[in-house]
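Student: I am new to this structure and would like a careful look at one part of it, with the surroundings brought in afterwards. Could you take me through it slowly once it is in view?

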There are 2 protein chains.
Amino acid sequence: MTLSMYAASTPTFRRMLGNLAAILNKAAAHAEARKIDPGVLLSARLFPDMLPLTKQVQIATDTAKGCVARLAGVEIPKFEDDETTFADLQARVAKTIAFVDSIPPAKIDGSEERAITLQLRERTLEMKGQDFLRNRALPNFYFHITTAYNILRHNGIEIGKSDYLGN
Amino acid sequence: MTLSMYAASTPTFRRMLGNLAAILNKAAAHAEARKIDPGVLLSARLFPDMLPLTKQVQIATDTAKGCVARLAGVEIPKFEDDETTFADLQARVAKTIAFVDSIPPAKIDGSEERAITLQLRERTLEMKGQDFLRNRALPNFYFHITTAYNILRHNGIEIGKSDYLGN
């Protein structure tokens, strides 16, 4: 069995988003136990011009749904970016997992050479499916999952590497 | 052309380690320009019981060389973990890139089902090559590259997402 585009994408998103959901649960429980306003954690940043926790979760989920949709050649589901609570973020993560699970392997397998066009703020990037997955989607996805973890860890939430890896 | 185990591993390590090297260069230049003791950055952490920058770089490189060596079925090069300067870390990153570049694609391709044994502190993990790559090596690698970035960003180094992504 060779590595397929599906195997290299959807299961990773599903798994890491599940781990993110568990981490967010621990953060919400921590806030409740210590009587911390959850908004303090949701708006926490590692540096004033870095993005806060809520935005890290929004971008991680955007990256997952955008990658799967682009590889499959289907429309990217639009989310409103209006989350203000941990429950809202959990719902967003769950919606994202449901979307990536809704795309069957056959739609993604064989997308190695599919032409992907990314419209960025200042330029348009054209690349092949496998380059998009390896050089753009996965690094971005892991960046925002890890940064969400780091923001929470920096704020004293008791999580560890095994929460991130999910084992 | 289908996604190969080589394409899903070595080029990612080479690319992201190159980006890490460029980020470390900016950090060293920042320290010099502001007369900051480089040791302050090298020992910086996001939380008291998280690992410092030097260790993040050591583990990122360990993950890359360990993954490529295990998939190829060759001995993992041993590094001494004695880095104390930015130049030392750069040398370690360069040694790691040289090692992953030294393993030809043919040694890694076809390792999807290869049995990989990981001796952790408290348990032994057995998994197939592709599960090891997707669920263990890549998430770990990206975690430590991103955390190195976050530590430096948290300390005011002027780097951005494009330094991390390398484009």
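Student: In which sense do strand 1 of chain A and strand 2 of chain A pair, and over how many bridges?

Tutor: Please keep in mind from the start that this is a predicted model, with a mean pLDDT of 97 for chain A and 99% of the residues of that chain at 70 or more. The model as a whole scores ipTM 0.97 and pTM 0.98.

Now to the strands themselves. Strand 1 of chain A, residues 115-119, pairs with strand 2 of chain A in the antiparallel sense, and five bridges hold the pairing. The two strands are joined by a hairpin, which passes from strand 1 of chain A to strand 2 of chain A through four residues. To find a place where they face one another, look at T117(A), which stands opposite E126(A) in strand 2 of chain A. That same E126(A) also helps to show how strand 2 of chain A, residues 124-128, is arranged, for it belongs with T124(A) and K128(A) to the uncovered face, whereas L125(A) and M127(A) make up the covered face. In a regular strand the side chains alternate between the two faces of the sheet.

The corresponding part of chain B can be read in a similar way. There, strand 1 of chain B and strand 2 of chain B, the latter being residues 124-128, pair in the antiparallel sense over five bridges, and a hairpin of four residues leads from strand 1 of chain B to strand 2 of chain B. Along strand 1 of chain B, residues 115-119, the side chains of I116(B) and L118(B) point to one face and are buried, while those of A115(B), T117(B) and Q119(B) point to the other and are not. One of the buried pair, L118(B), stands opposite L125(B) in strand 2 of chain B.

How the two chains are related is worth a pause here. A turn of 180°, with a shift of 0.0 Å along the axis, lays chain A on chain B with an RMSD of 0.0 Å, and that is the relation of a two-fold axis. The same surface serves both copies, since 100% of the contact residues of chain A recur in chain B.

From the strands we can move to the largest pocket, because strand 1 of chain A is among the elements that give two or more residues to its lining, along with helix 3 (53-72) and helix 6 of chain A and with helix 6 and helix 7 (161-165) of chain B. This pocket has a volume of about 1200 Å³ and is lined by 38 residues, of which I59(A), R121(A), R136(A), N140(A) and K161(B) lie nearest its centre. Helix 3 of chain A gives the most to the lining, with ten residues.

The structure also holds one cavity of 30 Å³ or more, and the space in the largest cavity comes to about 110 Å³. Its lining has 14 residues, and the closest to its centre are A8(A), R134(A), L138(A), A8(B) and L138(B). Helix 6 (129-154) of chain A and helix 6 (129-154) of chain B are the elements that give two or more residues to this lining.

If you then follow chain A onward from helix 3, you come to the loop between helix 3 and helix 4 (86-102) of chain A, where P77(A) lies. P77(A) counts as partly exposed, at 21% relative accessibility, and, leaving aside neighbours within four places in sequence, P77(A) is in contact with K65(A) and F99(A). D81(A) has its place in the loop between helix 3 and helix 4 of chain A as well, and its phi is near 55°, a positive value in a residue other than glycine.

For a contrast, turn to helix 1 of chain A, where I23(A) is found. I23(A) is buried, with a relative accessible area of 2%. Although I23(A) and L152(A) are 129 residues apart in sequence, they are 8.6 Å apart in space, C-alpha to C-alpha. Leaving aside neighbours within four places in sequence, the contacts of I23(A) are with Y149(A), L152(A), I159(A), D163(A) and Y164(A). K35(A), by comparison, sits in the loop between helix 1 (10-33) and helix 2 (38-42) of chain A and is exposed, with a relative accessible area of 75%.

Definitions and conventions:
Residues numbered from 1 in each chain as written. Chains lettered and ligands numbered in written order. Predicted model: local features only at pLDDT ≥ 70, side-chain atom pairs only at ≥ 80, totals over all residues. Heavy atoms only, no water. Buried < 20%, exposed > 50% of the residue type's maximum accessible area, 1.4 Å probe, protein only. Pairing = 2+ DSSP bridges. pLDDT = per-residue confidence, 0-100. Least-squares fit on C-alpha atoms with pLDDT ≥ 70 in both. Contact = heavy atoms within 4.5 Å. 1 Å grid on protein atoms, 1.4 Å probe; cavity = no way out; pocket = protein on both sides within 12 Å on 5 of 7 lines; lining within 4 Å. Points joined across faces, edges and corners; volume = space filled by probe spheres on them.
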